[in-house]
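Biologist: I am new to this structure and would like to go through its cysteines. Could you show it to me?

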Amino acid sequence: MNKTNTKVNISCHCGSIKMELLLTEKIDTIIRCNCSICSKNKGFGMICIPSENLYLIEGQESMTEYFFNTMEYPHIFCIICGTHTHHKSRSSPGKFCINIACIDGFNSDYLTDKIINFDGINHPKDKILKK
């Protein structure tokens, strides 16, 4: 996963959802967010990629969307196993954030010192809504 222009497979735990991701840059950082959904459900890291680099192979019928807070950016889950596979980014429109645990064969051991903590509790777009 340290190469550029590499295709990798993404899947949920039960394998009902299968996607392909084109990595145009090497994975050199992992984002960990502290917003309510990330801290409750995901605890894992994520990478954000351009939307056009994510391709659904199969499993549209196994996907469900969960909206919260602004009700604009869906988080995608498998209806069978409950795995959160990805979501549309609020911070970077035009990107999807991918659960790195869903990347088949991904080993994050070499990135333990390169985790970026994102303050989702104090998301900049929430401040706009509170005014």
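Modeller: Please note that this is a predicted model. We may begin with C97, which is buried at 4% relative accessibility, because the cut-off for buried is under 20%.

Biologist: Which residue forms a disulfide with C97?

Modeller: C48 does; the sulfur atoms of C48 and C97 are 2.4 Å apart. The link is right-handed, with 85° about the S-S bond.

Biologist: Where in the chain are C48 and C97?

Modeller: C48 lies in strand β4 (residues 46-50) and C97 in strand β9 (residues 95-99). The two cysteines are 49 residues apart, so the pair links distant parts of the chain.

Biologist: What is the relative accessible area of C48?

Modeller: The value for C48 is 26%, so C48 counts as partly exposed.

Biologist: How many disulfides are there by this rule?

Modeller: The count is one.

Biologist: Which cysteine sulfur is nearest to that of C14?

Modeller: That of C12, at 3.7 Å, and C14 is in no disulfide. C14 is partly exposed, with 37% relative accessibility.

Biologist: And C78, is that residue buried or exposed?

Modeller: C78 is buried, at a relative accessible area of 3%. C78 is in no disulfide either; the nearest cysteine sulfur belongs to C81, 3.7 Å away.

Biologist: Changing topic, where does H86 lie?

Modeller: H86 is in strand β8 (residues 84-88). With 5% relative accessibility, H86 is buried.

Biologist: Which residues does H86 touch, not counting those up to four places away in sequence?

Modeller: The contacts of H86 include C97, from the disulfide above, together with M19, L54, M63, H75, I76, F96 and I98. In addition, the side chains of H86 and T85 share a polar contact of 2.8 Å.

Note on methods: Residues numbered from 1 in each chain as written. Predicted model: local features only at pLDDT ≥ 70, side-chain atom pairs only at ≥ 80, totals over all residues. Heavy atoms only, no water. Helix = DSSP H or I, 4+ residues; strand = E, 2+ residues; numbered from the N terminus. Buried < 20%, exposed > 50% of the residue type's maximum accessible area, 1.4 Å probe, protein only. Polar contact = N/O pair within 3.5 Å; in protein donor to acceptor, adjacent residues only side chain to side chain. Contact = heavy atoms within 4.5 Å. Disulfide = S-S within 2.5 Å.
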